[in-house]
Amino acid sequence: MELSIKRFLSRLFRWEKGRQNTGYDKMLVGAGFWPNPFDVYLLRFREGQGIPPHVDQVNSGEHYRFNLVLKQPKSGGHFRCSNPIFESSRIKLFRSDISEHSVTPVKQGSRYVLSIGWVKNT
Ligand SMILES: O=C(O)CCC(=O)C(=O)O
Ligand SMILES: [Fe+2]
């Protein structure tokens with residue numbers, strides 16, 4: 001969640017590779033520091049793409065993510081989370097630093113997610 005204005009602007013509204021190396025793409029669409037450091041990404045999964053089980057560690061504090069599924073694929077692309085705080089078919093709220101989560105590969109169609117993350121210091 002490191003941020004310089006220059007680096008922020010160079011990443012804003014550009015597709016980049018997702019960090020799990022499974023081919024999904026992410027686009028930074030916003031970030032800020034109030035009331036807690038936060039970032040907002042658009043995630044795109046195309047056919048064959050998913051994310052293996054992982055956690056998203058932060059240096060300090062608690063990492064939360066609120067994910068809104070904007071577009072469900074025709075098949076596949078299911079979100080799985082070991083211990084969600086809240087989950088419906090479209091909305092997923094979870095501690096991404098301690099709850100292992102994954103997305104099964106999209107089989108047909110594409111999947112889009114608006115992902116809002118923040119770090120709460122303890
Ligand atoms: O696409 C998703 O539903 C989850 C992506 C993910 O790993 C995350 O938001 O930390
Ligand atoms: Fe994640």
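Of the 122 residues in the chain, 43% are buried. The model is a predicted one. Its C-alpha atoms fill a box of roughly 40 × 30 × 20 Å along the principal axes. The radius of gyration of the chain is 14 Å, which agrees with the value near 14 Å that a compact globule of 122 residues would have.

The secondary structure consists of one helix and 12 strands. Read from the N terminus, the helix comes at the start and the strands follow it.

Three of the strands form an open sheet in the order S4-S10-S7, and their pairing is antiparallel. Strand S4 (51-54) and S7 are the edge strands, each paired on one side only. On average, neighbouring strands of this sheet are turned by 10° against each other, with direction ignored. The antiparallel pairing of S7 with strand S10 (residues 101-103) runs over three bridges. In one of the pairs, Cys 81 has His 101 in S10 as its bridge partner.

Strand S7 (79-81) also leads to the second largest pocket: S7 and strand S6 (75-76) each supply at least two residues of the pocket's lining. This lining comprises 13 residues, and those nearest the centre of the pocket are Gln 72, Gly 77, His 78, Phe 79 and Ser 89. Sorted by class, the lining has three nonpolar, six polar and four charged residues. The space in the second largest pocket is about 150 Å³. Such empty space is shown by rolling a probe the size of a water molecule over the atoms.

Technical notes:
Residues are numbered from 1 along each chain as its sequence is written. Chains are lettered from A and ligands numbered from 1 in the order in which they are written. This is a predicted model: local features need pLDDT of at least 70, side-chain atom pairs count only at pLDDT 80 or more; totals for chains, interfaces and linings use all residues. Side-chain values use heavy atoms; hydrogens and water are left out. On a 1 Å grid over the protein atoms alone, a cavity is a set of points where a 1.4 Å probe fits but cannot get out, and a pocket is an open set with protein on both sides within 12 Å along at least five of seven lines; lining residues have an atom within 4 Å of a point. Grid points are joined across faces, edges and corners, and a volume is the space filled by probe spheres set on the points. Helices (H or I, at least four residues) and strands (E, at least two) are DSSP runs, numbered from the N terminus. Ala, Val, Leu, Ile, Met, Phe, Trp, Tyr, Cys and Pro count as nonpolar, Asp, Glu, Lys and Arg as charged, and the others, Gly among them, as polar. Two strands pair if DSSP finds at least two bridges between them. Axes are lines fitted to C-alpha atoms, for helices over the stretch in contact, and angles run from 0 to 180 degrees between N-to-C directions. The radius of gyration is taken over C-alpha atoms; the globule rule is 2.2 Å times the number of residues to the power 0.38. Buried means under 20% relative accessible area, exposed over 50%, partly exposed in between (1.4 Å probe, protein chains only).
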